[in-house]
Amino acid sequence: MTMSDPIADMLTRIRNAITAKHDTVDVPSSKMKLAIAQILLDEGYIKKFDMIEDGSFKTIHITLKYGEDKNERIISGLKRISKPGLRLYVGKEDLPKVLGGLGIAIISTNKGVMTDKKARELQVGGEVLAFVW
């Protein structure tokens, strides 16, 4: 059975792993998911991610990040914004701010997948994929 929204599946797996206080989570790989994982790494929300190849099947192995003790979460929220049934596109002047700039919005633009801050710098709009805070 095919999955209708693989990005929402990735975010849900990460959210569930953080709630259960797991150290790692595995997600089926795609170019879009790799770009999202790279943004989460660059913004400091995860420790690292690795590609694991098992024959033709590729998996992203994400190592989650916590505070001093495991009770303190680095990612307190993940929310899918643009869904397959209702896509949300914004122009360069309408880019969203998450929690007044404390979180990030992940935007898919014609120049690649990037954060809302980077999209503002490059003066581009696109599809709002997710909010992370």
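## The open sheet

In what order do the three strands of the open sheet come? In this predicted model, the order is S1-S3-S2, and the strands pair antiparallel. That puts S1 and S2 at the edges with a single partner strand each, so one side of each has no neighbour in the sheet. On average, neighbouring strands here are turned by 25° against each other, ignoring direction.

If you want to look at one pairing, try S1 with S3: they are joined antiparallel over five bridges. One residue to pick out is Thr24, whose bridge partner in S3 is Thr63.

## Helices across the sheet

Two helices lie across these strands. H1 lies across S1 and S3 and runs at about 165° to S1, while H2 lies across S1, S2 and S3, at about 155° to S2.

H1 covers residues 6-19 and reaches 20 Å from first C-alpha to last, close to the 20 Å expected. Just after H1 comes Lys21, with a positive phi near 60°. The buried residues of H1 include Ile7, Met10, Leu11, Ile14 and Ile18. What covers the buried residues includes S1, H2, S3, S4 (78-80) and S8 (126-132).

## What's packed inside

The largest nonpolar core has 26 residues, and Ile14, Ile62, Leu64, Ile75 and Val132 have the most contacts inside it. At least two residues of this core come from each of H1, S1, H2, S2, S3, S6 and S8. H1 gives the largest share, six residues.

Take Ile14: leaving aside neighbours within four places in sequence, Ile14 is in contact with Val25, Leu40, Ile62, Leu64, Ile75 and Leu78. Apart from this core lies another, of eleven residues, including Val98, Ala105, Ala119 and Phe131.

Terms used
Residues are numbered from 1 along each chain as its sequence is written. This is a predicted model: local features need pLDDT of at least 70, side-chain atom pairs count only at pLDDT 80 or more; totals for chains, interfaces and linings use all residues. Side-chain values use heavy atoms; hydrogens and water are left out. Helices (H or I, at least four residues) and strands (E, at least two) are DSSP runs, numbered from the N terminus. The expected span of a helix is 1.5 Å times one less than its number of residues. Buried means under 20% relative accessible area, exposed over 50%, partly exposed in between (1.4 Å probe, protein chains only). Contact means heavy atoms within 4.5 Å. A nonpolar core is a set of buried Ala, Val, Leu, Ile, Met, Phe, Trp, Tyr and Cys residues joined through side-chain atoms within 4.5 Å. Two strands pair if DSSP finds at least two bridges between them. Axes are lines fitted to C-alpha atoms, for helices over the stretch in contact, and angles run from 0 to 180 degrees between N-to-C directions.
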